[in-house]
Amino acid sequence: MTAMDEAKWVSLGVDRDAVVAVMTLAGQTAEPELVGARLDRLLTTHAENESIVATVVTALNDPGWRNRLVRALGNAPFLANIIQRWPEMLQATIAAPAFPDPNALRRTVCDAVLACDSLAAAEKSLRLWKHREFLRIGLFDLAGELSLAATTQGLTAIAEACLEGGYRWLDRALSAQFGQPMVEKDGAPPAPSRFAILGMGKLGAGELNFSSDIDLIYLYNHDDGKTTGPRPLTIKEYYTRLGRDLIRLLSTQTADGMVFRVDLRLRPEGESGDLALSCRSAEIYYESWGQTWERAAMIKARPVAGDLALGEAFLERLRPFVFRRYLDYAALDAIRDMKQRIDQKMHRRADYQRNLKLGRGGIREIEFFVQSQQLIRGGGDARLRSRETIPTLQTLGALGHVDPDTVHRLTDAYLFLRTLEHRLQIAHEQQLHSLPEDADALHKLARRAGFADAKALLGEVAATTQVVHTAYRGVFLEGERVRREKSDPLVNALLTGHLLPEARQEALRRAGFTHVERAEQLLAILQDGPPKMTLPESTLRWYRRLAPLLLGEILRASDQDMALENTEAFLLRVGARANYLALMVEYPLILHLLVPLFGASPFLSRYLNHHPELMDSLITRDFLQKPSDRSRMGQALSEQSARAEDDEERIRILHEFKNTEMLRIGIRDLSDITDLPETMTALSTLADVVLTQVLVDARQALERRYGVPLWTTSTGERRRAQFVILALGKLGGRELNYASDLDLIFVHDGSGEAQYTDGENSLSNPAFFTRLGQRIISVITTLTRSGRLYELDMRLRPSGNSGPLVTALDSFLNYQNKEAWTWEHQALTRMRVVAGDQELGEQLNTAVRDIVQAARDPAVVGHEVSAMRTRILREKGPAKGDLDIKLSLGGVVDIEFLTQYLILSHAHSHPRLYQRSTASALLAAGSVGLLTTEEVERLLASYHLLRLVEGRLRLLHDRPENRIGGDPTLHRRLARLCHLPPDAEILPLLRQHFAGVQEICHRHLPGYPVREDLA
């Protein structure tokens, strides 16, 4: 402003300080020299309108409005022109600065447009409403008072309001001319036709720019029918005409500008398709011919005008097309191809490097990054079906699919690039996406975006786009990089078919394969898919892209023959399911987990062979992290179960959760991330969590049907009856191994009177809890397509199989105190409450502790423990010369029996002996002097080795197995899995440990048997 300008504005009532502040603010804008000129022009043009002059003076004297007005005039000629031409819009905004509720705005705009009696009037009304709201949004946006989300949502709200107003005006005019469209079908009375407008792209996501096209799809509910007028149109003709008129109404450039450019190329069949079509026709198209890019587009689809309920119902029916049930990594290939076509097209344009939207590291790469994850995972997790980019990115991070640093960087990048895009477009309301080449224009953009100069802006753009492209490459191009790096001449030679049969077989032998014929079968599968299965060419391409990666990993496996066998079984299961093949191709590092698993454990391989969907879990960021503690694991399962719609879904969730966690534990174990005690604890915690959820689900189901079981105290108080699951054996000691049975006892609170449930279909408490026990057993042991959850052993309950399934507390304690054998008290040393009511659990823990710590004669206990050991050896022990990890003399049972003998004999005097874990009890026995330090160390070393071999046997045999036969291949595999030195032999080592355990047992356990005891 000049000094004369200053005097002029002061004379009008603007404070001198305000004039100085205006000049200061103007200096921070893109065109500081034009701020004063635009203010002078505004004053000159409307000098006779005292109201307008007063509004401008008031605005300049107010710090907030002064900032908004000056930044708009100095940064956006588009907004300056609106203020100049329609200053009453500025007045209205100042008088009511709050952003209207979108629904209220829609009603207001519709009322104004429907009040128009001509097309010209309706056109003018829509344009003025659009300019008014754009001015409001622009004023606050340029002043830095709106978030990007608030800006884009405000722009979207006025677009929806104008669409609704325009549609309703045209529908009224068209029906007045041709009559109302009515659906006539199946002999039913005619019913009014329904019409919906879907917003696609940024409109559907609520993320419009200042100069966005609005992408639309027109839908109506049914083809059959016509209008009711004297010149009837078919329903299709009616809505096609309405749709064309709506495009003209919104897009035509008039003296008042335009509302929005309209683009319908995202409709089925694009520009060659029908402008408007029925919902059923659209569904058939997507189901039959829909492509991956159309799935991606439909993620953002949203009803924005017309019959919103019709649009929502259509999108719900289309959901299975958009979001596949299981992880869909084949979508990555299609999105990558789409981006490559964009890049090829953009490379021919001079502005490729400057394009913020489609260029390298631009907005589209962030959108593709997010949408690819939605297509891959959205079928299994509704939380990933959001239309908005940033909220979806945040959800991906919260769910562990994207690391927090990448989420943070991409969020900042998106906010920066989209805001800069707005600064490009708000200047002249032009659909620009590229940084200007002209130095002056680039400088103005930098100032408009808050940068000191163009150099600072370009530096920030370069750093941001590099961050984006790095993340994009990690999703879409990492697999290709790994494939190039893993190229292996031998693998290539075996797969190209250039070797003669004899040379190929010799190469396979040299590579380490014992079974050359099986190896050749695998090569055939990798080239042509499973035998006797006709596959589409697209699936065969995935097999051939996977072939070198998979074969290379097998060649590097420590046990190539086992890896070969289990890999072949896995591929035969996968068959034509391209999404799993794509997963391994797109994330080749997953093969570092799979192939070692296939080369070490048929037991864990079975999980994947029968359920390849479990691979979905392997790519989560935290898969190999330490398994959660019981509380977090239980919460995760509870939340998943709560989302189930029925019992069948809950059971599926239980199996999937258990199998996924088993896979996690097994891979961590075989990868040496964890040790044996941690593995056994993790397996036990998993069983605890599953049992707890089974009990919760079963009890809730029965209580819904029969009511809550209650009983009456001696004082007349009605109390809820309690129930617990007791674990004994390995689960009780938190020493569960792979494929272990669960030894369980069910106990309920059985004291008091009037024991019955409070529902309409009342049951006695014993009947209720019996049904509860039966339901728990059924859920755990029923054979499903996922197998059984666990094998159960209920024989340790009072009276064994002849006793009641669920025992009342009084009966349980009476039996244990008066009737139980010593071997049953041995079992009690490892009893633990794993699920159920806390109060009853604490009562049982206390009572069992008292039983275990009761005073006993060590000699009597020792001979009874040894007598049971002799009986087990006679009835179940291995034949002479055979080796059984558990039952051979000196095996696992001997260490456990010795430990239990020490607890029962001496816990009365040494309470610290009462430890449920065998290893902990042995350490306690050493600390109180019952065993020497050397004996404790030898027993712990033997127990560790034997339990390790037991686990490895089960991983190798795919079943509970404790015996080792004479197979030298098995011996070598066991030695390798147990990490023994290369020259160590497993059988001599085990016999050495057996002998050491026997020696200690003979020393401390009265009556301990020898082989002759079995004669």
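Take "buried" as under 20% relative accessible area, "exposed" as over 50%, and "partly exposed" as anything in between. With that cut-off in hand, Glu429 comes out as partly exposed, since its relative accessible area is 22%. Everything in these views comes from a predicted model.

**Figure 1. The whole chain, before we zoom in.**
The chain has 1015 residues, and buried ones make up 56% of them. Its secondary structure comes to 45 helices and 18 strands. Lay a box along the principal axes, and the C-alpha atoms fill roughly 120 × 90 × 75 Å. Inside the structure there are 8 cavities of 30 Å³ or more.

**Figure 2. A look into the second largest cavity, with Glu429 in its lining.**
This cavity holds about 50 Å³ of space. What lines it? The lining is made up of Lys130, Phe210, Ser211, Ser212, Met258, Val259, Phe260, Arg261 and Glu429. Sorted by character, that lining has 4 nonpolar, 2 polar and 3 charged residues. Glu429 itself sits in the loop that links helix H19 (404-426) to helix H20 (439-448). Its backbone deserves a glance too: phi is positive, about 50 degrees, although Glu429 is not a glycine. For context, most residues other than glycine have a negative phi.

**Figure 3. Glu269, another residue with a positive phi.**
Here phi is about 65 degrees, and again the residue is not a glycine. Look for Glu269 in the loop between strand E6 (262-263) and strand E7 (276-278). Is Glu269 buried or exposed? Its relative accessible area is 52%, so Glu269 counts as exposed.

**Figure 4. Strand E11, covered on both faces.**
How many of the 6 residues of strand E11 (residues 723-728) are buried? The count is 6 of the 6, so the strand is largely enclosed by the rest of the structure. One side carries the buried residues Phe723, Ile725 and Ala727, while Val724, Leu726 and Leu728 are buried on the other. E11 also has strand neighbours. It runs antiparallel to strand E12 (residues 742-748), with 6 bridges joining the two; in that pairing, Ala727 faces Leu744. Strand E16 (residues 832-836) is antiparallel to E11 as well, this time through 4 bridges, and there Val724 lies opposite Gly836.

**Figure 5. The open sheet E10-E9-E13.**
Three strands make up this antiparallel sheet, in the order E10-E9-E13. Which strands stand at the edges? They are E10 (718-720) and E13 (753-757); each has a single partner strand, so one side of each is left without a neighbour in the sheet. On average, neighbouring strands here are turned by 25 degrees against each other, ignoring direction. Zoom in on E9 (residues 709-712) and you find 3 bridges tying it to E13 in an antiparallel run. One residue pair to pick out is Thr712 and Glu753, which stand opposite each other across E9 and E13.

**Figure 6. The open sheet E2-E1-E5.**
This sheet has 3 strands, paired antiparallel in the order E2-E1-E5. E2 (191-192) and E5 (225-227) take the edge positions with a single partner strand each, and therefore one side of each has no neighbour in the sheet. Strand E1 (residues 181-183) pairs with E5 over 3 bridges in the antiparallel sense. Within that pairing, Met182 has Lys226 of E5 as its bridge partner.

**Figure 7. Helix H24, with a buried face.**
Which residues of H24 (residues 501-511) are buried? Ala507, Leu508 and Ala511 are. Looking down the axis of H24, these buried residues fall within an arc of 100 degrees, so they line one face of the helix. Swing round to the other side of H24 and you meet Glu502 and Arg510, which are exposed.

**Figure 8. Gly787, a buried residue in a loop.**
Gly787 belongs to the loop between helix H36 (765-781) and strand E14 (792-793). Why does Gly787 count as buried? Its relative accessibility is 17%, and the cut-off for buried is under 20%. His655 lies 132 residues away along the chain, yet the C-alpha atoms of Gly787 and His655 are separated by 8.2 Å.

Conventions: Residues numbered from 1 in each chain as written. Predicted model: local features only at pLDDT ≥ 70, side-chain atom pairs only at ≥ 80, totals over all residues. Heavy atoms only, no water. 1 Å grid on protein atoms, 1.4 Å probe; cavity = no way out; pocket = protein on both sides within 12 Å on 5 of 7 lines; lining within 4 Å. Points joined across faces, edges and corners; volume = space filled by probe spheres on them. Nonpolar A, V, L, I, M, F, W, Y, C, P; charged D, E, K, R; others polar. Pairing = 2+ DSSP bridges. Axes fitted to C-alpha atoms, helices over the stretch in contact; angles between N-to-C directions. Buried < 20%, exposed > 50% of the residue type's maximum accessible area, 1.4 Å probe, protein only. Arc of directions from axis to C-beta.
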